[in-house]
Amino acid sequence: MSHLQTSPTAAPAIAASAIRIENLCRHYRMGVTLIRAVDGVSLAVRPGEFIALLGASGSGKSSVLNLLAGLDRPTAGSVIVQGRDLAQLSREELAHYRLHTVGMVFQSFNLIPSMTVAENVELPLRFAEVDRSERDGMTGAALARVGLQSRMNHRPSELSGGEQQRVALARALINRPQLLLADEPTGNLDSRTGTEIMNMVREFNLQLGMTVVMVTHERALAERYAERLIHLADGKLVSDETNVLAVPTQPLSTASEGSRP
Ligand SMILES: Nc1ncnc2c1ncn2[C@@H]1O[C@H](COP(=O)(O)OP(=O)(O)O)[C@@H](O)[C@H]1O
Ligand SMILES: [Mg+2]
C-alpha cells in the first residue's frame, strides 16, 4: 500500500476542518493572580494534518491539548472538533468523544502498572463496551501494529521506555480515533527510540489519515515530522508555519526495524 494516497479524508475542496479553535482562553485564578495559560488562540486544522505545537515551558501547550481532548473546559472561546462544539456536548457525549474521537499519549506513558500490556491496551474497549469476543482480536491487532504482540503478558515495568510508549500508542489507537493528541511523546526517550516512536506516529497519520497534534519543545523533532509548526508564547499563537520538509513517510524497513514481530 502506498503511503502517499491513503488519507481517506483528503480530497474535498471545502473539507470541514478537523479542528477549529476560536479565540480560545483558559485562565486560572491563583489567589489574586490570573494566569492566562491560553489567551485568545484561533486555529484551524485540516483533516489528516500533522501539526506541532511548539513553545517554551509554560507557554500553554498542554493546556491547549487538554482542551482539545475534552479534559478541560475553556474560560472563553470554543473548540470545534469534526464539526462539533465540545462545549455543547452533554457529559455522556463528552465521554463518548474522549473514548472514540481522540486518542492521547503522554510523555510519561501513563500505563496502569498493575495491568499487563494486553489489559492496558484493551481498557478503552472495555469502557466502550465492546463485546468480549471482539476484544482479544482487536487488542492483538493493535499490539501487532506497534510490534509488541510477544510482550502482551508483560507488565509495563518489564518494558523499556520506548516499548511502554508503543503500548500507550496501541491503547490510544485501539478505538480508531480520528485525532491523536500527543504531549511531549518522546520527552522521556533517547533520540533513537524517540525517532522510532515518531516514525510510527507519522505512519499512522499517513496510513490511517489520522489528524495529529503533537506538543513538543524540540524544534528539530517538529521540523522532521510535522507539516505545520505552531508557536505559542504566553498563551498566544505567535507563528504558524507550513513545513515542507516533513518526512512524507519513512521506509517501512527503517520505521519497523527491530519493532515488528
Ligand atoms: N491547573 C492549573 N492551575 C494553575 N495554573 C496552571 C494550571 N495548569 C497550568 N497552569 C499554568 O498555565 C501556564 C501554561 O501551562 P502549560 O499549558 O502546562 O504549559 P506548557 O505545556 O507549554 O509547558 C503555566 O504558567 C502553568 O503554570
Ligand atoms: Mg506541557
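I take two strands as paired if DSSP finds at least two bridges between them. The model I am reading is a predicted one.

**Entry 1. The first hairpin**

I began with strands E1 (19-30) and E2 (33-45). They pair in the antiparallel sense over ten bridges. I looked up Met30 and found that its bridge partner in E2 is Thr33. The two strands form a hairpin with two residues between them, and Gly31 in that turn has a positive phi of about 60°.

**Entry 2. The four-stranded sheet**

I then asked in what order the strands of the open sheet of four are placed. The order is E2-E1-E4-E5, with antiparallel pairing. E2 and strand E5 (84-85) are the edge strands, each pairing on one side only. Helix H1 packs on this sheet and touches E1, E2 and E4, with a direction about 60° from that of E2. On the other pairing of E1, I counted on the bridges to strand E4 (residues 76-81): there are five, and the two strands run antiparallel. Within this pair, Glu22 stands opposite Ser78 in E4.

**Entry 3. The surroundings of ligand 1**

Which residues surround ligand 1? I noted Tyr28, Met30, Ile35, Ala37, Gly55, Ser57, Gly58, Ser59, Gly60, Lys61, Ser62 and Ser63. I sorted this shell by class and recorded four nonpolar, seven polar and one charged residues. E1, E2 and helix H1 (61-68) each supply at least two residues of the shell. H1 gives the most, with three residues. Met30 thus appears twice in my notes, as a residue of the shell and as the bridge partner of Thr33.

**Entry 4. The six-stranded sheet**

I turned next to the open sheet of six strands, whose order is E6-E7-E8-E3-E9-E10 and whose pairing is mixed. Strand E6 (102-106) and E10 stand at the edges; each has a single partner strand, so one side of each is left without a neighbour in the sheet. Neighbouring strands here are turned by 15° against each other on average, direction ignored.

I checked two of the pairings in detail. Strand E3 (residues 50-54) and E9 run parallel and are joined by four bridges. Leu54 has His231 as its bridge partner in E9. By contrast of direction, strand E9 (residues 228-233) and strand E10 (residues 236-242) run antiparallel, with six bridges between them. The bridge partner of Leu232 in E10 is Leu237. E9 and E10 form a hairpin with two residues between the strands, and Asp234 takes a positive phi near 50° there.

**Entry 5. Helix H5 and the nonpolar core**

I followed helix H5 over the sheet: it lies across E6 and E7 and runs at about 165° to E6. I then looked up the largest nonpolar core, which has 66 residues. The members that touch the most others are Leu53, Leu68, Ala170, Leu180, Leu181 and Val213. Helix H5 (residues 161-173) gives the most to this core, with six residues. In soluble globular proteins, nonpolar side chains tend to be buried together.

I examined Leu181 more closely. Its contacts, leaving aside neighbours within four places in sequence, are Leu65, Leu68, Ala69, Val102, Met104 and Val213.

**Entry 6. Asn175 and His96**

Is Asn175 buried, exposed or partly exposed? I found 19 other C-beta atoms within 10 Å, and because a residue needs 20 or more to be buried, Asn175 is partly exposed. Asn175 is found in the loop between H5 and strand E7 (179-183). Beyond its neighbours within four places in sequence, Asn175 is in contact with Leu99, His100, Pro124 and Ala128. His100 is 75 residues from Asn175 in sequence, yet their C-alpha atoms are 5.7 Å apart.

I also looked up His96, which has its place in helix H2 (residues 91-100). His96 counts as partly exposed, with 14 C-beta neighbours inside 10 Å. The C-alpha atoms of His96 and Phe127 are separated by 9.6 Å, and the two residues are 31 apart along the chain.

**Entry 7. The chain as a whole**

I closed with the totals. The chain has eight helices and ten strands. Of its 261 residues, 41% count as buried. Among contacts with a separation of 6 or more, 72% are between residues 24 or more positions apart.

Notes:
Residues numbered from 1 in each chain as written. Chains lettered and ligands numbered in written order. Predicted model: local features only at pLDDT ≥ 70, side-chain atom pairs only at ≥ 80, totals over all residues. Core = buried A, V, L, I, M, F, W, Y, C linked by C-beta atoms within 7 Å. Buried ≥ 20, exposed ≤ 12 C-beta atoms within 10 Å, placed from the backbone. Contact = placed C-beta atoms within 7 Å. Near = placed C-beta within 6 Å. Nonpolar A, V, L, I, M, F, W, Y, C, P; charged D, E, K, R; others polar. Axes fitted to C-alpha atoms, helices over the stretch in contact; angles between N-to-C directions.
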